[in-house]
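Visitor: I should be grateful for a close look at one part of this model. Please describe the second chain, its fold and its contacts in one connected account.

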Amino acid sequence: MAHSLSCVAGLFGIALGLAGLVASEPLTLSAGSSIPYLSFAIRLDPLAAFFVLTISLVGLAASIYAFGYVTEFYGRHSIGALGSLFSGFLLSMTLVVMADNGFCFLIAWELMSLISYFLVVTEHEKANVRYAGFFYLVMTHIGTAFVVLTYLILFQSAGSFSFEAFRHPEQSLPEGMRALVFLAALIGFGTKAGIVPLHVWLPYAHPAAPSHISALMSGVMIKTAIYALIRVYFDFLGGQFPWWWGFVVLVIGAVSALLGVMYALMEHELKSLLAFHSVENIGIILLGIGAGMIFQSYGLKELAALGLLAGLYHTINHAVFKALLFFGAGSLLYATHTRSMEEYGGLLRRMPWTGVFFLIGAVSISGLPPTNGFVSEWLVFQSLFLSFQIPAVFLKLMLPIAAAVLALTGVLALACFAKAFGISFLALARSSHARHAEEVPIAMRIGMGFLAVSCVGLGVAPMIVVPLIDRITGPLTGVSISSKVLALDGWALAPANMEFSSVSPPMLAVMLIGGGLLGLFLAFLFGGRLLTRSYKTWGCGITLSPRMEYTATGFVQPIKRVFSTIYQPTVKLETEFLEESRYFAKQRRFEFHIEPVFEKYLYDPIVDVFVGIADRLRILQAGSLHLYLAYIFVTLVILLLFAS
Amino acid sequence: MQPLIQAVSLVAAQVIVLLVVSPFLVGLIRKVKARFQCRRGANVFQPYADLAKLFRKQPVISTSSSWVFTATPYILFTSTLAAGLLVPTFTSQTPLNFAGNIIALVYLLAIGTFFLILAGLDTGSAFGGMGSSREAIVASLTEPAMILSIFAIALTAGSTNLSTIVHKTALLEGIVTDPSPYLMALAALFIVALAETGRVPIDNPATHLELTMIHEAMVLEYSGRYLALIEWSAGLKLAVFLSLIANVFAPWGIGTTPTPAAMGIGLVVYLVKISGLAVLIGTLECMFAKLRLFRVTDLLGVAFILALLGLLFFYILRS
């Protein structure tokens, strides 16, 4: 039963993926059926098709992966329910990006949120999973409220809920209302995307779900918010906005990127770490889109297209490598039944395939050539650097600073994934779980392998990806830049011109391979045939044990100390000494927490206010049936008075 | 076919120059330091002999390590060499200029950093982890400064591709009347270079004291040909940064035309320039003590602010 459902989901993914691919080429499809007041209209324009493709690509991999992964849940949960919710989740996301009507969109959006909620609480017997689910449900509905507000304002001027009417309203919105649409959309969709400070639900909800669902949520679901933002700003509002909109998006992007990676560094549960990295990568995407919006407001259309292109390229890249990494984390969970990185170690030798795939994912997310993360981060850098064409000095200066923030983010991500891979997969096993881990089933390996190949493919073949994305940015900004960006017959990328900057990912790959071969040759030339000797690592005279290895906590200690202003760490060290002498400790206890700044100073006060109001209102609920009947009667009388 | 052959031979020439020059730079710095310490010091060509010997030695591989440990020296070697090919050395007509700009250079070097950190963790020794952990923080703080400082220069030259910057500067195109942005960027980049190549006052390549070492701690378990490749790569990285500084800030004399004569002169001038810089580094190493790890952040913070000021000055001077 479970397998057949997953299989259907898998086939479904393939079909959708193909549909997305084909449709993104020539034209837009439009089909609709109408019921009074709301029409279920569907439209597949390049922007929608691109996201359908992203969803399907990851959805397909997740379906294959699920074949193996759901065996974990045999006998504990209904696999049928999990499988059908999984398929429903994919379908609802596809509907979100294809909807051509405000109502239709909201229904799909809500469906997506609710199904993902049910998927998050799959393991509802655990208290922390229930908490994560509740937190997610509340946050997502706050977001939905703002989304509804966005559409209501748009409806006011358009007089209809169809997207076509949003695009060409009867009377245009006044400036103030447009700003309100901007902010409402940013808050509404930003909650789903996980921008700082609306990200707080994300590190709870994403890790709580089963791993292939986490991959879909982190890799794909949060991208529907990016889709919606582009749809509203560039499509509905026609790309007409003041520069500060773009600047706000840029600042939010920079802050999300930096704080996302910083909190990720302190996280020692692999899946929570990955969830924080989603915040970071949404930040990077928004850096590109924000830069694009700033350029758009100054009429620099080619640069606007470049910023959008960079953001969208990173969108698909992040979907691929984040899903891959979540699959990797899921495989570790599957093999060891523990989430904490401190209990892994030495897994590369126990699980060679998972290890290699995870390493490819780690290299990609760190933005190292020749993988896909490098290309899109490079494009974001370029769109930030080209800011010197903006007439305003303030922005000329702010965009390079955003580039510096991106540089810091990139290298902190590198440190974070060096930690994640190094502590989990290298050196000695840190626990008996890790010592007895077995390689995961073939289906899971295929799912990961597929995405790992995509990571490298998207990295060395920008000449295929760029023209596809150009089909989206072309209509939105009014200029096609594909032929400009691709120089030397597509072998190099040169956003402004060859003279300002260029990069050739295929050439870099050739150089790296060539250099490696040269290294091997030189080693052979000077050293002859390789004869090695294996011996244990020098442990200063004692036999090396896993307890002597660097831990994840230890690894990030210098970073924690340097950035202590951000982390506000509290460290508690209790030592119990032997009675005979204070030189010998009987036992030590070490605790360390970082301050959840946003929850403590932003969310807790708001929650307190609502709890306070609820407390006051409690007197209404006296438990007496007569009183309740009286309430109903009074309400009825008041309503009748109003109605008359 | 003619341009292709020319390009390939230029690339080959650059590879050979970089590989041959790098051990010399290491030897030269050691010699300068020895002289300051009133020692005669080893011959400047000693690092070549060291490398040859290391290549012939049988490597010992830790039983607790994985393939990452043995692959890292090759990955480090190739990524550093690839970065070196993006930097102009004796000619500004670098054929691989199109393959990447300064961002690509930074990320190529980051590949090496990433795998070295992994290799440090892979042996299971606490020393390796210590080195990796420290390398991670030093690298995090250097890269933003590096990107900003190069950007300040890139604005003046109208390019982020290194060879184009150097070529234009050498031909005196797009030079600002006031050199202050350049000077600030130079100071920032010099600090960055010291940090990236593991030099005093950030790291000390001559120490094996666990309290202070960073790079040496990561590579502590390496031996034989693996160590040789790592040492060579460290030299290469030094050569990359010295070439970068020498040619971006003082490109004069570099071959700007693809004629043998211009390139010959370019090569001689290049060797003089980077040797001068190596002597400067050696001198600095004798003048300063190594900083405590948590004071390094202040120094790198200074580099970042300098680069930012350079950028600010550029815009103020232009407007």
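Guide: Angles between axes run from 0 to 180 degrees between N-to-C directions, and an angle over 145 degrees counts as roughly antiparallel. That cut-off serves for a helix pair in chain B of this predicted model. The axes of α7(B), residues 180-196, and α9(B) cross at roughly 175 degrees and come within 10 Å. The two helices α7(B) and α9(B) are therefore roughly antiparallel to each other. On the side of α7(B), the contact is formed by Tyr182(B), Leu186(B), Leu189(B), Phe190(B), Ala193(B) and Glu196(B). From α9(B) come Lys237(B), Phe241(B), Ile245(B) and Phe249(B). By class, the residues of this contact comprise 8 nonpolar and 2 charged, with no polar residue.

This helix pair belongs to a chain that has 11 helices and 1 strand. Along the sequence, the elements of chain B follow the pattern α-α-β-α-α-α-α-α-α-α-α-α. As to overall dimensions, the C-alpha trace of chain B spans about 60 × 50 × 40 Å along its principal axes. The radius of gyration of chain B is 19 Å, which agrees with the value near 20 Å for a compact globule, because that is what 319 residues would give. Of these 319 residues, 62% count as buried. Sequence separation adds a further view of the fold: among contacts in chain B between residues at least 6 apart in sequence, 78% join residues at least 24 apart.

Chain B also has a partner. In the contact between the chains, 68 residues of chain B meet 70 residues of chain A. On the side of chain B that touches chain A, two or more residues each are given by α2 (46-56), β1 (60-62), α3 (67-86), α4 (102-122), α5 (126-157), α9 (224-249) and α11 (293-318) of chain B. The largest share of that side comes from α5(B), with 16 residues. By class, the side of chain B that touches chain A holds 39 nonpolar, 23 polar and 6 charged residues. Helix α9(B) is thus named twice in this account, as one of the elements that touch chain A and as the partner of α7(B).

The strand of chain B takes part in a pairing between the chains. Strand β5 of chain A, residues 533-535, is joined to β1(B) by 3 bridges, and the two strands run parallel. Within this pairing, Ile61(B) of β1(B) has Ser534(A) opposite.

Note on methods:
Residues numbered from 1 in each chain as written. Chains lettered and ligands numbered in written order. Predicted model: local features only at pLDDT ≥ 70, side-chain atom pairs only at ≥ 80, totals over all residues. Contact = placed C-beta atoms within 7 Å. Helix = DSSP H or I, 4+ residues; strand = E, 2+ residues; numbered from the N terminus. Nonpolar A, V, L, I, M, F, W, Y, C, P; charged D, E, K, R; others polar. Pairing = 2+ DSSP bridges. Parallel < 35°, antiparallel > 145°, perpendicular 65-115°, else oblique. Rg over C-alpha atoms; globule rule 2.2 N^0.38 Å. Buried ≥ 20, exposed ≤ 12 C-beta atoms within 10 Å, placed from the backbone.
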